[in-house]
Structures are given as C-alpha cells and as structure tokens.
Amino acid sequence: MSFPHLLPTYARADVAFVRGEGAYLFDEERRKYLDFGAGVAVNALGHAHPHLVEALTEQAGKLWHTSNLYRVPGQEKLARRLIEATFADTVFFTNSGVEAIEASIKTARRYHFANGAPERFRIVTFEGAFHGRTLAAIAAGGQKKYLEGFGPKVEGFDQVPFGDARALAEAITDATAALLIEPIQGEGGLRPVPPEFLRHLRRLCDERGMLLIFDEIQTGIGRTGKLFAHEWAGVTPDIMAIAKGIGGGFPVGACLATAEAAKGMTTGTHGTTFGGNPLAMAVGNAVLDVVLAPGFLEHVQRVGNYARQQFSSLIAEYPAVFEDLRGEGLMLGLKMRVPNTEFIDALRMHGMLAIGAGDNVVRLLPPLIIEEVQVREALERLSATAQGFVSKAQM
Ligand SMILES: *Cc1c(COP(=O)(O)O)cnc(C)c1O
C-alpha cells in the first residue's frame with residue numbers, strides 16, 4: 001500500500017471544483033453548488049469577481065515579487081487604507097492568518113520588553129478559541145486535539161472558560177502581557193462574545209497595562225456587516241490579526257497595531273519573505289475598493305438580517321434537526337440536533353456547501369455579495385436536506 005501523496009491531515013470530501021462564479025462553484029461533472037462556505041469565509045466577494053481578476057492579472061503582468069528589502073507601494077497604499085478605516089497606526093503584512101497571530105503575539109511581548117518588563121509575556125485566551133496551527137497558535141487556542149503529540153505546549157498561554165469574568169480575573173497576574181480573543185468564535189461554534197464582555201476586557205487592559213488583541217481573521221472585512229466585528233461593541237483593540245476576507249481568496253494576512261503597542265517592533269525584530277507581496281497587495285486593495293464602497297456594508301447587514309429571518313423558520317419547521325441560529329451579519333451558525341458533518345455531506349448532495357464548527361454547528365459563511373435570491377435558494381436546500389433527515393427518522 002502506498003502512502004497518500006497528500007499528507008492525510010484533512011478528511012476531504014470527494015469533490016473537486018474547477019470553476020467558480022459569484023456565489024456558485026462547478027465541479028468536474030459540471031454540477032453546480034451554492035457556496036455558503038466561501039472557502040471558510042475567505043472568498044468574501046465570491047468567485048472570479050471581475051474587479052479582483054482584473055487587479056490580479058494586471059499586477060501579474062507587471063511585477064510579482066521584489067522583497068521587503070525595498071519599498072512596496074501596494075503595501076503602503078493598503079496600510080494607509082486600513083489605518084484610515086480602523087484604530088491602527090501601523091500594519092505588518094503576512095501570508096496567512098496564523099502568521100498575523102504570531103506577529104500579534106510577538107508585538108505584545110516586545111511591548112512589555114520595551115517597557116522594561118520582559119517577564120510580562122503571558123497571554124490569556126478563551127476556551128473554544130481557534131487562532132491557527134503554528135506551535136504558538138495551538139498553545140493559544142488551547143485545544144487538546146490540536147496540541148496532542150506535538151511536544152511541550154509553548155509556554156506563556158493561560159486559558160479561561162468562555163465569558164467567565166471571575167476566572168479571567170484570577171488568571172491575570174503581573175506576568176500577563178495581553179488578552180487574545182475572537183469577537184465571534186468561528187471554529188469554536190459561532191459563539192459571539194457579548195459586547196459588554198468585550199468592553200469589560202478593554203477596561204481590564206487599560207487598568208492593568210495589558211494589551212488587547214482581537215483575532216478578526218474570520219470576523220473581519222465586512223463579514224458581520226461592519227468592517228470589523230469589534231465595531232459592534234464600540235471598543236478597539238491595541239493589536240488585531242486579520243486575513244481570510246482581505247485577500248478574497250489570495251493568501252494574505254496582516255497584523256494591525258497602535259503606535260504605542262508596536263513600539264517594541266524595531267528594525268530587525270521581525271520579517272517575512274512573501275508577506276505583503278505585490279500580487280497580494282493588488283488583490284487586497286481591490287477587495288477594499290469593493291468593501292469600503294458606499295452601501296456595501298449596509299448590503300451585508302440587510303442580506304444578513306434577511307438570512308437570519310429566513311433561516312430562523314427552519315428551527316420551527318424542523319425542530320428535530322435544528323436547535324438554534326446564531327451569529328451576526330453573514331456569519332451565521334445553525335446549532336444542530338443531528339450530526340453537523342452528516343448534515344453538511346447531505347447538503348452537498350443537494351448542491352449547497354456549508355462548513356462545520358465546534359459545538360455541533362453548521363456554519364453559513366456565504367460570499368458577502370449574495371442577494372436575497374441566494375438566501376431563498378439556500379433556505380430551499382437547507383429545508384430539502386432537513387426533510388431527508390426527518391424522513392429517515394420516520395422509516
Ligand atoms: C482561519 C483562522 C485562523 C488561521 O488562519 P490561517 O490562514 O489558516 O493560518 C486564525 N484565527 C481565526 C479566528 C481563523 O478563523
């Protein structure tokens with residue numbers, strides 16, 4: 001027996017997509033699928049968006065890569081736009097979400113080092129978190145299934161139960177550098193952090209001289225109907241990791257920070273070969289052209305509200321299949337009463353894609369460009385799939 005040519009770390013569905021258009025994907029047999037996974041919240045503008053295709057192909061004909069040893073005008077432009085749109089004063093570009101998390105952790109630790117307190121390096125995180133798959137990120141995420149067998153857990157991460165203010169107070173010590181949290185847990189099961197809890201974290205950080213880090217890799221770039229999910233709570237972090245949506249399918253991430261929080265990140269302290277590459281920057285700027293255009297975020301809010309209202313009817317209609325609906329904007333989760341993985345496989349047979357999450361949740365993360373008609377189509381497919389589970393139970 002030969003070993004799989006692709007390292008078998010994924011339980012892949014037996015389907016390969018060869019083409020995409022808007023909210024739809026087409027497989028090798030030309031079957032059409034309604035894509036409510038969007039590459040796990042990556043294809044924010046759907047597939048083959050003309051503005052993104054144009055930006056990428058135009059840049060591809062000019063210049064692919066130079067190096068961060070030189071100025072990269074696309075980085076300067078994208079950084080300026082992100083800064084204008086957020087709390088941040090400075091940006092470091094990466095290729096992925098987890099590298100943005102690594103940069104965030106390093107920035108927080110260096111801040112205290114620069115303040116003459118190098119012993120202050122610990123970071124408090126929350127149960128159910130997901131921050132990526134590097135050794136530091138699995139330590140931050142704290143999930144046993146991702147840590148097991150990979151040697152000693154990277155030192156310096158303390159985890160408390162989700163939303164538990166008392167446990168948090170006990171976990172914070174003079175060695176705590178920062179708090180790290182997703183405003184809505186993605187992999188963890190679409191669990192929104194209550195806005196008052198985010199404000200509580202901000203107050204704690206201000207009182208104790210800690211930095212607040214938001215992981216908006218999944219929630220950012222319009223996913224919840226605001227450019228960033230933390231805007232709903234009216235607080236800002238000191239450091240923020242973004243990725244996924246900002247590349248619209250091209251690999252790119254970023255660590256955003258205030259000037260104060262970033263003060264330890266001096267010349268030579270961090271780097272990347274590919275991060276902020278001209279191709280990625282061309283696409284990132286093109287994504288912002290669309291997402292920051294007047295009315296776009298209102299569109300996400302409107303369609304998101306419509307989706308929530310439509311999908312809520314599923315719970316009343318199929319109480320044996322669905323338990324509740326959670327999330328914000330176009331980041332929705334159906335908590336299931338049947339196994340989420342089985343439901344997702346059946347849904348795919350009905351021509352629709354969705355993504356699993358912890359807590360037996362089915363994530364609905366459509367491209368932000370969908371209209372009401374795609375919501376109705378999704379409702380039909382979800383209903384038909386649910387009907388199959390009900391019929392099966394009756395047999
Ligand atoms: C996807 C994700 C990551 C990791 O991003 P990669 O690009 O896979 O490294 C980290 N945090 C959150 C919240 C994510 O959704």
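In this predicted model, Glu371 is partly exposed, with a relative accessible area of 36%. Its partner in a salt bridge is Arg302, and the closest N and O atoms of the two lie 3.8 Å apart. This pair ties together distant parts of the chain: Arg302 belongs to helix α10 (residues 296-317), whereas Glu371 sits in the loop between β17 (361-364) and α12 (372-394), 69 residues apart. Arg302 also counts as partly exposed, at 43% relative accessibility.

A helpful idea to keep in mind is that side chains of opposite charge can pair when their charged atoms come close. In total, the structure holds 18 salt bridges. One of them joins Arg122 and Asp158, with 2.8 Å between the closest N and O atoms. Here, too, distant parts of the chain are linked, as Arg122 lies in strand β5 (residues 122-126) and Asp158 in strand β6 (residues 157-160), 36 residues apart. Arg122 has a relative accessible area of 17% and is therefore buried, since the cut-off for that class is under 20%. Asp158, at 21%, is partly exposed.

A salt bridge within a single helix is found between Arg202 and Asp206, whose closest N and O atoms are 2.8 Å apart. Both residues belong to helix α8 (residues 195-208), and because they are four residues apart there, about one helical turn separates them. The two partners differ in their surroundings: Arg202 is buried, with a relative accessible area of 13%, while Asp206 is exposed, at 53% relative accessibility.

Finally, salt bridges can also join up into a group, as Asp324, Arg326, Lys335 and Asp359 do in a linked network.

Technical notes. Residues are numbered from 1 along each chain as its sequence is written. This is a predicted model: local features need pLDDT of at least 70, side-chain atom pairs count only at pLDDT 80 or more; totals for chains, interfaces and linings use all residues. Side-chain values use heavy atoms; hydrogens and water are left out. A salt bridge is a side-chain nitrogen of Lys or Arg within 4 Å of a carboxyl oxygen of Asp or Glu. Helices (H or I, at least four residues) and strands (E, at least two) are DSSP runs, numbered from the N terminus. Buried means under 20% relative accessible area, exposed over 50%, partly exposed in between (1.4 Å probe, protein chains only).
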